[in-house]
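Open the model in your viewer and keep a selection box handy. This tour suggests what to pick at each stop and tells you what you will find there.

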Amino acid sequence: MSAGFAPPVDKVQRGLLLLLLVPGLFALVVTFLLPILWLFRASFATSAVKALSGTDWSLEAYREVLLDTFYWQVAWNTLILGVSVAAIAVILSFPIALFLVRTQSRWQGVLTALAVAPLLTSSVVRTYGWMVLLGDRGVINSTLQAMSLTSGPIRLANSSFGATVALVEILMPYAILAMLSGFGRLNAQLEEAAAVLGANRFRVFSRIILPLSLPGVLTAALLVFVLAISAYVTPRLIGGGRVFVLGTEVFNEATVTLNWPLAAALSMLLLVLFSSVIVIYQRALRALDR
Amino acid sequence: MTDPHVQIDRLVKTYAGASKPSVDNISVSLPRGEMLALLGPSGCGKTTVLRMIAGLIAPTSGAILINGRDISAVPVYKRNMGMVFQAYALFPHMSIAENISFGLEMRGIPKAETEVRVRRALDLVKLSGLGERRVGQLSGGQQQRAAIARSLVIEPELLLLDEPLSNLDAKLRDEMRDEIRDIQERTGVTTIFVTHDQDEALSMADRLAVLSQGRLEQIGTPREIFDRPQTDFVASFIGAGNIVVGNVVEPGVADIQGLGRLQFVGGGRAGIPIRLMVRPHRFVLTNVACNGVNHFSGIVEHIVYRGEIVTLTARSGQAILQADLPTHAGKLPEKGSRVTLAVAPEDVTVIGDGSQ
C-alpha cells in the first residue's frame, strides 16, 4: 500500500545505491573476512610453515583440540568466565544506567561521561591497578594481615577470581553504554500510568521498568560476554599464568610453541562460541518483541 | 444541593525554587457525573491540578476531597483514579487486552472476571476484537480509545484526561470529542479534563474552569463563560471580543470613549466607569448609514474572506471594531468601503461587575 507512494527507484538508482556499499564492504572483506578465511585454512595445516606455503593438509589440530581434555577445560573456563563477568557486570551496571537515564539532574551529561570515563585509560593500566590491589602483597592482603584477620596472603590475583573482578570493572563502561542506548523505550509517563492504575513501586519496576529495559540488558550482556571471552591481556596478566582461557591459549600456541594450526583451530572454537551466543541473543530479542 | 462528589479546596502548588506558585489557591467542586474542563493557556497550572488529583504530585497546601474524605495523603496507586495521558502512555510491551487488564491485575481481580470486564471495556470504546493487537498496530484514535478503556475498566472514582484531543488530526478530533462525551455520559463517571482549546472545552464540558497564571479566573457553564465573562482574561481568551471602556450615562446606556453611545442590558449607576464587550459575530451589517445608539458607521481597514464568514475590522471614530459577518452570493464589503455595524443591546456583554 505504502509502496505506491515510495519514490520510484529505477535500475540506475539502485545500482548507485549499491555502489555506496562498496567501500564499507571492501574494508570488511579485506580486514575481516579474508583473515578469518585464512585462519580457517591455517587450522588444517600441519605446521606454521606449511600454513604459509599451503601444502600438506590434515585434521591433526582439530583432533588435538577435541581429544585433549585440557582444551575442553579451557573452553569451559572461558565460557564460565564470560558468563560470570557478563552477569556481574550487567547486575552492577543496571542501577547505574537506570539512574543515568531517569535522573532529572542537570549533571546528567557529566555523570554519564564520568560513568564511561574509565575507557580513557588502557585496560592494561587498569589490570595493573587491580594487581596492586589484589596481589599477594597488595593493598587488600596487607590490610587483612595488618589487622591480623589472616595469617598469610589469600590468593586473590593469579586466579580466575582476580580475572573476573578485573574484567567486570574493565567492561562495566561498555555495559553501561549499551544499556543507555537500549533503554529507549523507558519513559517516565509509562511508570506514572502504571502507578495511577494501582501499581506500587515494586510492581512498576517488575512489570514496566524491567521488561522495557530487557533489550538493553541483553545487548549489554552480549557485548560484555563477547569482550570477556576474547580477552587476553587481563586474564594473562592478573592470572599470572594460572588462568587458562581460549584467549591466552591461542596466544601461547601462536607465539610460544609456534603451533599455528592449533592456534587457528582454537580460534575457530572461540568463533563457534561467539556465534552460538549471538544466535541465542537474537532468539531472545525476538521473543521479547514477539 | 447534594454533597459534591469532588471538592478541591484551596489547592496550592509551589515547585521547589519557584518564586510564585504554579497553582494558586484553586477551589472547585463537582457533583457526581459532571464533566469539568480545566481551560487555560499553557503554563497556567491546569495540568498540575490534574496531576495533583491523580496523586502524581503532592500539593503544597490545600485538600482534595472525594465524597467528603481528604485523599491528598493517599498514595497514587491507592487512589483509584482513571487517567488518560496526552500521549496515551500505553505499555508498548503488552497487547491492548493486557494493557486494559493491568489495573484489574493490580487489584487482584480473578481471571474470569477480568476477561469479561476487558471485553466489555473494548466494546465500550468500539475496539471489539482488537484486544490481541500490539500498541504499535493501532492508529492514534484507536490508541486513545484503548487508553480510555484502560482507565475506565477499573471503575475509577474519577476520569482524568490530559489534553485528550491534542494528538489527533482535525477530523478524528471531532469524532473523538463526541465519542468521549458519549462514553462519559453512558458510564456516568465524574470527569475532569485539561485543555487549552476553547472549542473543545465549550463543546464537551458541563462546566468550565478557566485558569490563568495558576489562578481560577471563572467557573461556569459554557454559556456563562462565553456570554458573561467575569474578567478581561476570560473575555479575551474565550472567543474574540471587542472590549471597550466607557462611563454609564443612564442605566443600560454607556458612553464609550471615541465610539459613541452603546446600549446594553443591565443596570449601572450613571457616572460609573464600565467595561463592555461585543463578540465579532454578533455585529450585523445594516443599510442605514448613520451613527446612533448601537449603530457604528466606519471605514473597512482590513478584510479576510473565510468562506462562511468575512472577518473585517472597521474604524469608527477612534475605535477599531472587529466583526464576523456571514457571507452571501451578493456584494460584500470591501477594503475602504463604508459600512454600518449594529448590535442588539442584549448582545453587549458587561465584563465582571462592570467596574474597571
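Helices and strands on this tour are DSSP runs, numbered from the N terminus, with at least four residues for a helix and at least two for a strand. With that in hand, select Asn25(B), which sits in strand E2 (residues 23-30) of chain B. Please keep in mind throughout that this is a predicted model.

**Stop 1: two unusual phi values in chain B**

Stay with Asn25(B) and check its backbone: phi is near 60°, a positive value in a residue that is not glycine. Most residues other than glycine have a negative phi. Is Asn25(B) buried or partly exposed? It counts as partly exposed, because 14 C-beta neighbours lie inside 10 Å, and the buried class starts at 20.

Now select Ala89(B), in the loop between E6 and H2 of chain B. Ala89(B) also has a positive phi, of about 55°, although it is not a glycine. The surroundings of Ala89(B) put it in the buried class, because 24 other C-beta atoms lie within 10 Å.

**Stop 2: chain B as a whole**

Zoom out and colour chain B by secondary structure. You should find eight helices and 20 strands. The C-alpha trace of chain B spans about 75 × 50 × 40 Å along its principal axes. Of the 356 residues in chain B, 39% are buried. Among the contacts in chain B with a separation of 6 or more, 63% are between residues 24 or more positions apart.

**Stop 3: two hairpins that share a strand**

Select residues 242-263 of chain B, which take in E11, E12 and E13. Strand E11 (residues 242-250) and strand E12 (residues 253-256) of chain B pair antiparallel over four bridges. Which residue of E12(B) is the bridge partner of Glu250(B)? The partner is Val253(B). Two residues lie between the strands of this hairpin, and Gly252(B) takes a positive phi near 90°.

Move on to the other side of the pair. E12(B) is joined by four bridges to strand E13 (residues 260-263) of chain B, again running antiparallel. Show the side chains of Asp255(B) and Arg261(B): Asp255(B) stands opposite Arg261(B) in E13(B). The hairpin of E12(B) and E13(B) has three residues between its strands, and in the turn Gly258(B) has a positive phi of about 80°.

**Stop 4: a five-stranded sheet**

Next, select strands E15 to E19 of chain B. They make an open sheet of five strands in the order E15-E19-E16-E17-E18, with antiparallel pairing. At the edges are strand E15 (284-286) and strand E18 (319-326) of chain B, each pairing on one side only. From one strand to the next, the twist averages 50°.

For a closer look inside this sheet, pick strand E16 (residues 295-305) and strand E19 (residues 338-342) of chain B, which run antiparallel and are joined by five bridges. Label Phe296(B) and you can trace its bridge partner in E19(B), Leu341(B).

**Stop 5: where the chains meet**

Show both chains and select the residues in contact. There are 17 from chain B and 16 from chain A. On the side of chain B that touches chain A, strand E6 (81-84) and helix H2 (96-106) each supply at least two residues. H2(B) gives the most, with three residues. By class, this side of chain B has 14 nonpolar, two polar and one charged residues.

**Stop 6: a helix pair in chain A**

Hide chain B and select helix H8 (residues 160-182) and helix H10 (residues 201-229) of chain A. These helices pack at an angle of about 150°, with their axes 8 Å apart, and their crossing is right-handed. Residues of H8(A) that meet H10(A) include Leu167(A), Leu171(A), Tyr174(A) and Met179(A); on the H10(A) side, Val217(A), Leu223(A) and Leu227(A) are among them. The contact has 13 nonpolar, three polar and no charged residues.

Look along H8(A) itself. H8(A) bends by about 40° at Leu171(A), and Pro173(A) follows within four residues. H8(A) is mostly covered, with 17 of its 23 residues buried.

**Last stop: Arg41(A)**

Finish at Arg41(A), in helix H1 (residues 11-42) of chain A. Arg41(A) is partly exposed, because it has 14 other C-beta atoms within 10 Å. Add Val110(A) and draw a C-alpha to C-alpha distance: Arg41(A) and Val110(A) are 48 Å apart in space and 69 residues apart in sequence.

Methods: Residues numbered from 1 in each chain as written. Chains lettered and ligands numbered in written order. Predicted model: local features only at pLDDT ≥ 70, side-chain atom pairs only at ≥ 80, totals over all residues. Contact = placed C-beta atoms within 7 Å. Nonpolar A, V, L, I, M, F, W, Y, C, P; charged D, E, K, R; others polar. Buried ≥ 20, exposed ≤ 12 C-beta atoms within 10 Å, placed from the backbone. Pairing = 2+ DSSP bridges. Axes fitted to C-alpha atoms, helices over the stretch in contact; angles between N-to-C directions. Left-handed = near helix turned anticlockwise from the far one by under 90°. Bend = angle between axes of the 7 residues up to and from the residue.
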